[in-house]
Amino acid sequence: MVDFLAENNLCGQAVLRIISCGNAIIAELLRLSEFIPGVFRLKDKADQQKYGDIIFDFSYFKGPETCEGKLEAKPELLDLDEEFRENNIEILTRFYLAFQSVHKYIVDLNRYLDDLNEGIYIQQTLETVLLNEDGKQLLCEALYLYGVMLLVIDQKIEGEVRERMLVSYYRYSAARSSADSNLDDICKLLRSTGYSSQPGAKRPPNYPESYFSRVPISETFISMVIGRLRSDDIYNQVISIYMGITVNLAEAWEPYKAAKTALNYTLDLSNVKEQASRYAAVTERVHTQVQQFLKEGCLREELVLDNIPKLLNCLRDCNVAIRWLMLHTADTACDPNNKRLRQIKDQILTDSRYNPRILFQLLLDTAQFEFILKEMFKQMLSEKQTKWENYKKEGSERMTELADVFSGVKPLTRVEKNENLQAWFREISKQIMSLNYDDSTAAGRKTVQLIQALEEVQEFHQLETNLQVCQFLADTRKFLHQMIRTINIKEEVLITMQIVGDLSYAWQLIDSFTSIMQESIRVSPSMVTKLRATFLKLASALDLPLLRINQANSPDLLSVSQYYSGELVSYVRKVLQIIPESMFTSLLKIIKLQTHDIIEVPTRLDKDKLRDYAQLGPRYEVAKLTHAISIFTEGILMMKTTLVGIIKVDPKQLLEDGIRKELVKRVALALHRGLIFNPRAKPSELMPKLKEMAATMDGFHRSFEYIQDYVNIYGLKIWQEEVSRIINYNVEQECNNFLRTKIQDWQSIYQSTHIPIPKFTPVDESVTFIGRLCREILRITDPKITCYIDQMNTWYDIKTHQEVTNSRLFSEIQDTLGTFGLNGLDRLLCFMIVKELQNFLSMFQKNIWRDRTVQDTLKTLMNAVSPLKGIIANSNKVYSTAIAKTQKIWTAYLDSIMKVGQMQILRRQITNELNYSCRFDSKHLAAALENLNKAILADIEAHYQNPSLPYPKEDNTLLYEITAYLEAAGIHNPLNKVRITFQCLVQFHLFYFVNMCCFGFFFGAGVVCKRPADQIDWLPLVLGLLTLLKQFHSRYTEQFLALIGQFIRSTMEQCTSQKIPEMPADVVGALMFLEDYIRYTKLPRKVRENSMSPVCSTEGGSCSGELNLGLCCGYVLAV
């Protein structure tokens, strides 16, 4: 009969592929269970209030039209629903595909069983497959894996969460309208069971059989599988189902009377006591044996080859004891609310004399013992044939030499010529050489006969009297014995050790020993070398899910291997993280000593003060702590490079990653705690807290720089990379508030699985410390309460005229957060500006676009000011009428414009600080960037003049990359950025509306402000309007300046005609605005002059009086 697993056996290959898919599905479910969006749990009140109306469970299907109708009735809910879809559809699709795979698995298994029954596979039926050893195993595994899938889903992905995710996927995907979708079947299979994995939760009725029966499976198949298992399996009280998922049969079989009765004998307290006492004795005995074997020099090759059965028995007893004790003493072994199970567990703990440290030591020693044996057998197997041939050659040569001795030709003391012995020894030499390595059985039998012959010839021919001959015979027998030992080295021994040493049941339980491992490492860093063997033993658990995937040649092999290997490496990192933690504990003490105790030695020092600066006590303490750090480093580096699954673990990289992780954790915590501000504090806490934070960061930096040589790492590189990652990640999370499509943690380029940046609970409206810092700066520089003097780069309180803050603030931020912090602050301000501009547009569309009165006023004004080069007759009336009709709605728009201007001032300050720092600290970089920028701009300008010249292509990232460098170096103008776009018609009306706001300001602050006494900070207004107008097409700027010029000329013309001697305040304000607008936009002076150029009237042959630009500017300066 063809081998069931042979490639040409279609029946075997079909079920093998199903099982391979099953193992891959379980790995995917376990992987996805770590990425469930928290919002689907709806645990927080905030989430319930925000998303409760758009996230539904299966009750949605009772009336989908009603649910959708409620959403459509509220535009804000529709907008939130669309945003939620954009942010979650990718992960929802991934979960749905996993759920779909589970349903497809059982459908495929049922189809395979139907094919067996229908005779699709020639000469194969369900009965014949179950009679085959491999077939029986595979069919049992196929059914078993389906059960594991369902249990994993219920344990890792709660029922309510599953329902909400499936409903969301249904609403957001094409499956809603697809006729081919099997979403209904998937929902029926995975609807909530009522099961909860929380400790003490009650088991739902008829669980899990009702869950398993949701997709019917052939009862004949199930009964036949159980019938085959009944005679094979030996049950225990606590078992491992799959990769460390454990079940207590006493609890699981409670509803089933027959099974419960069968188990009652095992659970009898006297039997429990007997078993626990036996394992206590076994543990003590085998631990002593293992420790004896592990003594240096004990496990020699000869001893191992002579005692293979004894060693394997010891290894088996060790693993059985460890397995029983770990499973039956685990916290998850019983429900704490079940009195009987708790009593059984207490009995086991008492009678087995359970001590977690002793059990861990046994596990450690067993893993070391197992590792040494495996390595020895692997080496012996690789050298087996070579050694066997060498022993054969040596034995044959010894016999040839003895034959020569008895020939009488070769002189040897007191050995007479003996032709019979000469011929006999030559024949023995030939017999030895004729031994065939490939026929090990015959060779072994013949070798034993040769040994007996050599013993007999020595006895019957009285050769004992000649010591040299005896030695030759003894050596030959020794070589023949070695040949027997070597030929008996079988690969089956390694396979047995692999099976016996399986630790897959402890895949999750091992975490309960983490604290013991870490404490051992803290006491003795060299413990890492012993733990290496334990990690490798745990890696053997990967064989369970990968065996069938590998046999089926499935493409899932790499993905599943990476998942389980990654999980194991993460655990290794978790255990070894104690080393960086201990290092940083010592490092904090070094920071304190260097910052507060040790005085920095000056470059020049008087001899009599030398003792004061010596500070031998503190310096000795620093040296002692440094030595402790180097010892920890040495401990982890003692662990050799190890292949864990398919991932190579380099101890040096492990150490560096651990140091990075601890650095990130501590720096992130320091920034979170250090940058929390009380908005009611007077004066502001901003500067004191920044100075304190700067000192903390400097302490971290200095101490990290100090120890880098002692731990052999690039301290400065690590510091800059990780601090920049922390800041950029926090900026990214803060900016998520302004994004419709959020950047999730698993999508972020700054977040890492191995070196995660911690997230903290927000303390106010900001998500992170960078948001709190930004909002505190905005609070204290609010244009409503401060006045900014550009020439002094200083903000003053409007009421008290006291200085609030100045440009030194940004130098302090640079000292605290570095270039990355200032850059991040600038980026966050950009998002805030965009949000404010969008709010401005939204208000305009809501209040202005739909207001007929304002619409008519705008049209009337547009007609009055045309043409722009002309002068408006009775201008005062035209402007004042338009303002009077619209002044009630200006306040909100003015606030928005002022906020934009305020943030632009801050951005200009940040740019100046970045540019200054770059020129001071990296003058060559600054010069190179400036020259490169000029060269690129020159090339682009040349291209537009002559299109045949080169220009960067769309896929060329040069412009994008150089922009990032220029912004980091402060070589850019924040006022020149276009951030949002408007529809053309909206631009046109909004443009005139902005001009009306300007005219309102020119006519007096009382028109715009809530109260005549209110004041407006000038520069935020100018820069706010400048930024707003920058979002339009450039032609609107020209028209804007022309309108300002027309306003000045028309007003001055009216003053001249009315013989008013003084320049009106409106004109002074307009001139000042025009002057500042030209200055900050860096437009040519000619633009301003053109906007106010005189216009000649041809009527009556007279020319209107020219506006003396110099005189106007003189008035402005005088004011």
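Helix axes here are lines fitted to C-alpha atoms over the stretch in contact, and the angles between their N-to-C directions run from 0 to 180 degrees. With that in hand, here's a quick tour of this predicted model. We'll start with α42 and α43, which pack at about 155° with their axes 10 Å apart, then look at α24, two residues with partners far along the chain, and the cysteines.

**The α42/α43 pair**
- Helix α42 covers residues 1034-1057 and helix α43 covers residues 1065-1081; their packing angle is about 155°.
- Angles over 145 degrees count as roughly antiparallel, so that's the label for α42 relative to α43.
- As for handedness, α42 and α43 make a left-handed crossing.
- On the α42 side, the contact includes Phe 1040, Leu 1041, Ile 1044, Phe 1047 and Ile 1048.
- From α43, the residues taking part include Val 1067, Ala 1070, Leu 1071, Phe 1073, Leu 1074 and Tyr 1077.

**Helix α24 and its buried side**
- Four residues of α24 (543-551) are buried: Pro 545, Leu 546, Arg 548 and Ile 549.
- These residues span an arc of only 165° around the axis, so they sit on the same side of α24.
- What do they pack against? The partners are three helices, α1 (10-32), α6 (133-156) and α25 (556-576), plus the strand β1 (238-242).
- After α24 comes Asn 553, which has a positive phi, near 55°.

**Two residues with partners far along the chain**
- Val 282 belongs to helix α13 (residues 269-293) and is buried, at 14% relative accessibility.
- Setting aside neighbours within four places in sequence, Val 282 touches Asp 317 and Ala 321.
- Val 282 also has its C-alpha 9.9 Å from that of Ser 352, although 70 residues separate the two in sequence.
- Over in helix α44 (residues 1085-1091) you'll find Glu 1089, which is partly exposed with a relative accessible area of 39%.
- The C-alpha of Glu 1089 lies 8.9 Å from that of Gly 1045, 44 residues away along the chain.

**Cysteines**
- How many disulfides does the whole structure hold? The search turns up 0.
- Cys 298 can't pair up because its closest cysteine sulfur, in Cys 314, is 11 Å away, too far for a bond.
- The sulfur of Cys 918 is 18 Å from its closest counterpart, in Cys 830, so that's too far for a bond as well.
- Cys 918 is buried, with a relative accessible area of 9%.

Conventions:
Residues numbered from 1 in each chain as written. Predicted model: local features only at pLDDT ≥ 70, side-chain atom pairs only at ≥ 80, totals over all residues. Heavy atoms only, no water. Buried < 20%, exposed > 50% of the residue type's maximum accessible area, 1.4 Å probe, protein only. Arc of directions from axis to C-beta. Contact = heavy atoms within 4.5 Å. Disulfide = S-S within 2.5 Å. Parallel < 35°, antiparallel > 145°, perpendicular 65-115°, else oblique. Left-handed = near helix turned anticlockwise from the far one by under 90°.
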